[in-house]
Amino acid sequence: EMEKVETFMRSEEATRRTLRFDPSERPVVLQLGGDDAELLAAASRRGAALGFSEVNLNCGCPSIESGGANFGAALMADPKRTRGLLEAMAHASTAPVSVKCR
């Protein structure tokens, strides 16, 4: 499931509780939805620190599923912006960064 970046960054304690996994379940990928480069970078850093094997930017969910926000499939309309988001995530994370698109 996609985790909205604002929700993921709101509380590290809540994040640890909600997205808890056992190391035997690896690889486990953190999929983020958002359009704020700073928040996505911070979330990517946190995801790697929490032990996620990879961080994924959701560019596939229809905007209706993302609450009409400017993320998910809406990012595909602006490749330069999306590239900037991915670069921010990759620079911040020690885990690999990938993209979900359809």
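Start with the whole protein chain in cartoon view: you'll find four helices and four strands. Here a helix is a DSSP run of H or I with at least four residues, a strand is a run of E with at least two, and both are numbered from the N terminus. Trace the chain from that end and the elements go β-α-α-β-α-β-α-β.

A quick word on what you're looking at: this is a predicted model, where local features need pLDDT of at least 70, side-chain atom pairs count only at pLDDT 80 or more, and totals for chains, interfaces and linings use all residues. Residues are numbered from 1 along each chain as its sequence is written, and side-chain values use heavy atoms, with hydrogens and water left out.

Now zoom out. The C-alpha atoms fit a box of roughly 35 × 25 × 25 Å along the principal axes. Of the 102 residues, 39% count as buried, meaning under 20% relative accessible area (exposed is over 50%, partly exposed is in between; 1.4 Å probe, protein chains only).

**Next stop: two helices**

Select residues 37-49, helix α3, and residues 79-92, helix α4. Their axes come within 8 Å and cross at roughly 30°. (Axes are lines fitted to C-alpha atoms, for helices over the stretch in contact, and angles run from 0 to 180 degrees between N-to-C directions.) Which residues make the contact? On α3, show Ala37, Leu40, Ala41, Ser44 and Arg45; on α4, show Leu85, Ala88, Met89 and Ala92. Contact means heavy atoms within 4.5 Å.

**Then: a glycine in a loop**

Pick Gly51, in the loop between α3 and β3 (54-59). Is Gly51 buried or exposed? Gly51 is buried, at 17% relative accessible area. Leave aside its neighbours within four places in sequence, and Gly51 touches Phe21 and Arg26. Try a distance to Gln31 too: Gly51 and Gln31 are 20 residues apart in sequence and 13 Å apart in space, C-alpha to C-alpha.

**Last stop: the cysteines**

Select Cys59 and Cys101. How many disulfides does the structure hold? Zero, where a disulfide is a pair of cysteine sulfur atoms within 2.5 Å. Why does Cys59 have no such bond? Because its closest cysteine sulfur, in Cys101, is 7.1 Å away, which is too far. Their surroundings are worth a look as well: Cys59 is buried, with a relative accessible area of 2%, while Cys101 is partly exposed at 47%.
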